[in-house]
Amino acid sequence: MSSEKVMAGEIAAGETFFVAGVEWIKFPEKDGKFIAVAKGSLGDKIFDKSSNDFSKSSLLKYLEKKVLPKITAEIGEENAHEFETDLFSLDGHRKYGKITSKISLPTFDFYRENREVFDEHHLKVWWWLATPNGESCLVVCVAPSGDVNFYFSDYYGNGVRPVLLFSSSIFVSREA
């Protein structure tokens, strides 16, 4: 089966495409760029052994060292852009600050604002968000039902759905 290559800008928000063997959900474009979130989980991972701070987590290190290079090898380093992730905690703490990276996880606020899109691309597994909850090691995650809950950061069993900011001019596949 051959895969059709199209420019990402031709794909509508809410539709899916493939890059680096991963199926992505496209979100609306702005200024020649768009956010994309993995449609499925890249596998079960712990968030971190001792922290709910995504900026210091082993999960962020994994995404930056293992996942991002596969993506940029296919689309070019210049076509994955840095963006800001606000680590504002579910219970209102701002102490976690913000991070700038080329790969991250969705936040609780992004999930809430785009709930309908995520519901259309339902996952049957729990998956992590970048959002901490409280002073302890609790991290916000999404249940198979779509409800939001939290787990300890060292729980092994939650899925990983990275988020990236892509250039609209990249070529992507419509099929795997």
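Q: Which radius of gyration does the protein have, and why does that agree with a compact globule?
A: Keep in mind that this is a predicted model. A compact globule with 176 residues would have a radius of gyration near 16 Å, so the value for the protein agrees. That value is 16 Å.

Q: How many helices and strands make up the secondary structure?
A: Let's split the count by type. The helices come to 3, and the strands come to 14.

Q: What percentage of the residues count as buried?
A: A residue is called buried if its relative accessible area is under 20%. Now apply that to the 176 residues of the protein: the share that counts as buried is 49%.

Q: Is strand E13 mostly covered or exposed, and which residues sit on each face?
A: E13 runs over residues 163-167, and 5 of its 5 residues are buried, so by the under 20% cut-off the strand is mostly covered. Both faces are covered too. One side holds Val 163, Leu 165 and Ser 167, and the other holds Leu 164 and Phe 166.

Q: Which residue stands opposite Phe 166 in E13?
A: Take a look at strand E4, residues 33-38. It pairs with E13 in the antiparallel sense over 5 bridges. Opposite Phe 166 you'll find Phe 34.

Q: Which residue stands opposite Leu 165 in E13?
A: Here the strand to check is E6, residues 80-81, which pairs with E13 in the antiparallel sense over 2 bridges. The residue opposite Leu 165 is His 81.

Q: How far apart are the mean positions of the positive and negative charges?
A: The protein has 21 positive and 26 negative charges. Compare the mean position of each set, and the distance is 4 Å.

Key: Residues numbered from 1 in each chain as written. Predicted model: local features only at pLDDT ≥ 70, side-chain atom pairs only at ≥ 80, totals over all residues. Heavy atoms only, no water. Helix = DSSP H or I, 4+ residues; strand = E, 2+ residues; numbered from the N terminus. Rg over C-alpha atoms; globule rule 2.2 N^0.38 Å. Buried < 20%, exposed > 50% of the residue type's maximum accessible area, 1.4 Å probe, protein only. Lys, Arg positive; Asp, Glu negative; His and termini not counted. Charge placed at Lys NZ, Arg CZ, Asp CG, Glu CD. Pairing = 2+ DSSP bridges.
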